[in-house]
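Biologist: Could you take a close look at a single part of this model, the aromatic ring pairs and their surroundings, and go through it step by step?

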Amino acid sequence: MNLLGKKADTFAHGVREHVRLGPKISETVKGKLSLGARILQVGGLEKIFKQLFSFKEGEKLLKACQCYLSTTAGPIAGLLFISSEKVVVPVEKIKGVNQSENMKKPWQKYMEIVTVDGFDIWFMGFLNYHKAFKCLQQVLSQRLGDVDTF
């Protein structure tokens with residue numbers, strides 16, 4: 001399979017997994033349409049980010065990823081904002097980031113963020129897992145020095 005075909009296949013798996021994690025496909029689609037309308041109404045993801053979080057001078061939104069936060073009550077759909085200054089928790093509080101996948105279903109990928117105070121935050125159902133992970137690694141490397149996953 002050529003590179004373009006492989007990327008399309010990976011993206012298709014990401015979309016299918018992302019939609020499958022929702023409680024009902026119809027509810028997930030309604031939620032995505034509502035989110036899209038809000039993004040357009042506000043004027044883009046960067047403006048939503050600025051409205052939701054205190055924004056430091058010089059801070060830049062690097063990536064906004066649609067994904068799910070894994071909780072004991074089940075996955076919660078949302079956006080993971082990665083900026084030059086913060087990721088869900090302040091970057092200086094992040095010890096590392098790990099990749100994981102379901103051994104029986106390797107297209108089901110998970111991301112674990114480990115904080116310096118011992119908390120684990122799990123994300124799943126990314127539309128584009130590899131781009132989100134790469135962006136997060138780059139932010140951590142720039143902020144904390146050359147951080148390896150563990």
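Aromatic pairs and a neighbouring serine

Modeller: This is a predicted model, and five aromatic pairs are found in the structure. In one of them, the ring centres of Phe 49 and Phe 53 lie 5.3 Å apart with their planes at 40°, and because planes under 30 degrees apart would count as stacked and those over 60 as edge-to-face, this pair is tilted. Phe 49 has a relative accessible area of 1% and is therefore buried, whereas Phe 53, with a relative accessible area of 31%, is partly exposed. Phe 49 also pairs with Phe 81, where the centres are 5.4 Å apart and the planes stand at 45°, so this pair too is tilted. This second pair links distant parts of the chain, since Phe 49 belongs to helix H3 (residues 45-52) and Phe 81 to strand E2 (residues 76-83), 32 residues apart. Phe 81 is itself buried, with a relative accessible area of 7%, and ring pairs join Phe 49, Phe 53 and Phe 81 into a cluster.

Strand E2 also contains Ser 83, which counts as buried because its relative accessibility is 0%, under the 20% limit. If residues up to four places away in sequence are left aside, Ser 83 touches Phe 49, Glu 59, Lys 60, Leu 61, Leu 62 and Val 139; Phe 49, one of these contacts, is also a member of the ring cluster. With Glu 59, another residue that Ser 83 touches, the side chain of Ser 83 forms a polar contact of 2.7 Å to the Glu 59 side chain.

How values were computed. Residues are numbered from 1 along each chain as its sequence is written. This is a predicted model: local features need pLDDT of at least 70, side-chain atom pairs count only at pLDDT 80 or more; totals for chains, interfaces and linings use all residues. Side-chain values use heavy atoms; hydrogens and water are left out. Rings of Phe, Tyr and Trp (its six-membered ring) pair if their centres lie within 6.5 Å; planes under 30 degrees apart count as stacked, over 60 as edge-to-face and the rest as tilted. Buried means under 20% relative accessible area, exposed over 50%, partly exposed in between (1.4 Å probe, protein chains only). Helices (H or I, at least four residues) and strands (E, at least two) are DSSP runs, numbered from the N terminus. A polar contact is a pair of N or O atoms within 3.5 Å; within protein, one must be able to donate a hydrogen and the other to accept it, and residues adjacent in sequence count only if both atoms are side-chain atoms. Contact means heavy atoms within 4.5 Å.
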